[in-house]
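Reader: Please take a close look at one part of this model, the salt bridges, and set them in the context of the whole fold.

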Amino acid sequence: MEFDTDILLVGGGLNGTALALALADGGFSVTIVDALPENTRKAGDFDGRGYALALASQKLLRALGVWQDVQDQSQPILDIKVTDGRAGEGPSPFVLHFDHAEIEDGPMGYMIEDRFLRVALIEALKSRDAIKTISQETVVAQEVDSSGATVTLASGKQLRAKLLIGSDGKTSGTAERAGLSRNRHDYGQTALVAAVAHEKPHNGCAHQFFMPSGPLAILPLPGNASSIVWSETHENAARISALDDDGFLEELRPRFGSFLGDISLAGKRFAYPLGLSLASALIAPRVALIGDAAHAIHPIAGQGLNLGLRDVGALAEVLVMAKRRGEDIGAPDVLSRYQQWRRFDTNTLAAATHGFNQLFSNDNSTLRTIRDIGLGAVNAVPGLRRRFIREAAGLTGDVPKLLQGQQI
């Protein structure tokens, strides 16, 4: 039976485009179907987010030939400071400090704005003749058989591939049509996201400040600017979102503190409801899931995109190696290798971010004492501290070749 493409990929976001590049470099033809027009995906104000890319994720982007196009817009993360406290009272004296100088590999990661990384990945697609992108189209039906998968688009057109990959977010239609259920948890929090300018230099230091209503991440951007991810209860977030820019800053200042001098907004403000969403499996017959389609987690550790890029590296490696061995890339035993590789890491990180949010997003005096002692204890043990640094940099465990900076 004829195929229109080797691999059909639903969703042209960051994970989807990165995987398409990796698969094309591995000798596959890939077709991406995305609901949005390309000019919307490339718009400078499309999303508003910045990403804390782990060092391993930066290595993957370099291996795909994308990093050189965004490195001038990136900011190395040299230090991370984790503290507990209340708005207006400043942080607790117990500080967990991660210093990149404690490992030999370089910065723990890099901050990069969505608008730069997204455009670079979309532009890179055009350099691979094996990749075709169909924009402003949605998949309305999918069927699988012993040799492949067939999807029907809203326009009525049908496409057939050896493998269907869902990279279509935490409400993945690909997963739903494949019969994969989801475990969901609403954190009762909304993330307020913005970029702020400040008077003093941040010196490449990222801050995670835990408050009773949710964490505030202050992440360094190039120049005297930082990206904030500020988690509040849905009710508080709705109230703060409704304020004008001056009112927003008045709410932010007691939480942000004065350590970087006065602050001002450096762009638009965005709000995202926070929840945990885990697919019951990463694979189904002729189907694989990556990124938020497989696992959407709390942004408390800034690991969402990194988790997705580890999916990208693992799935690309499994499929390329299977192709070289002459195997059917959509066969159950091939796809099970991907699930086995990624399932433990996915569940472990989801459980960790869930647990941290439950532990820190409250004002219980007993828990406050326990977590402050815990932060201080980890900070006092160099070996344990270095292990956490290497974990944050994505350098531990069974790391896919692309995330080691190697070609498959």
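Author: **Salt bridges in the predicted model**

Lys126 and Glu38 join their side chains in a salt bridge, with N and O 3.0 Å apart; the term stands for a side-chain nitrogen of Lys or Arg within 4 Å of a carboxyl oxygen of Asp or Glu. Because Lys126 sits in the loop between helix H4 (114-125) and strand E9 (131-135), while Glu38 belongs to helix H2 (residues 38-41), the pair ties together parts that are 88 residues apart in sequence. Helices (H or I, at least four residues) and strands (E, at least two) are DSSP runs, numbered from the N terminus. Glu38 counts as partly exposed, at 27% relative accessibility, where buried means under 20% relative accessible area, exposed over 50%, and partly exposed in between (1.4 Å probe, protein chains only).

This is a predicted model, in which local features need pLDDT of at least 70 and side-chain atom pairs count only at pLDDT 80 or more, whereas totals for chains, interfaces and linings use all residues. Residues are numbered from 1 along each chain as its sequence is written, and side-chain values use heavy atoms, with hydrogens and water left out.

A second pair lies within one helix: Glu251 and Arg255 form a salt bridge whose closest N and O atoms are 3.5 Å apart. These two residues are 4 residues apart in helix H7 (residues 245-256), and are therefore separated by about one helical turn. Glu251 and Arg255 are both buried, and they also belong to a network of salt bridges that links them with Glu232 and Arg239.

A third salt bridge connects Asp328 with Arg286, the closest N and O atoms being 2.5 Å apart. This pair links distant parts of the chain, 42 residues apart, with Asp328 in the loop between helix H8 (304-324) and helix H9 (332-360) and Arg286 in the loop between strand E19 (283-284) and strand E20 (287-289). The two partners can be described separately: Asp328 is partly exposed at 35% relative accessibility, whereas Arg286 is buried, with a relative accessible area of 5%.

As for the whole structure, a search finds 21 salt bridges, and the secondary structure of the protein comes to 11 helices and 21 strands. Buried residues make up 54% of the 408 residues. Among contacts (heavy atoms within 4.5 Å) between residues at least 6 apart in sequence, 73% join residues at least 24 apart.
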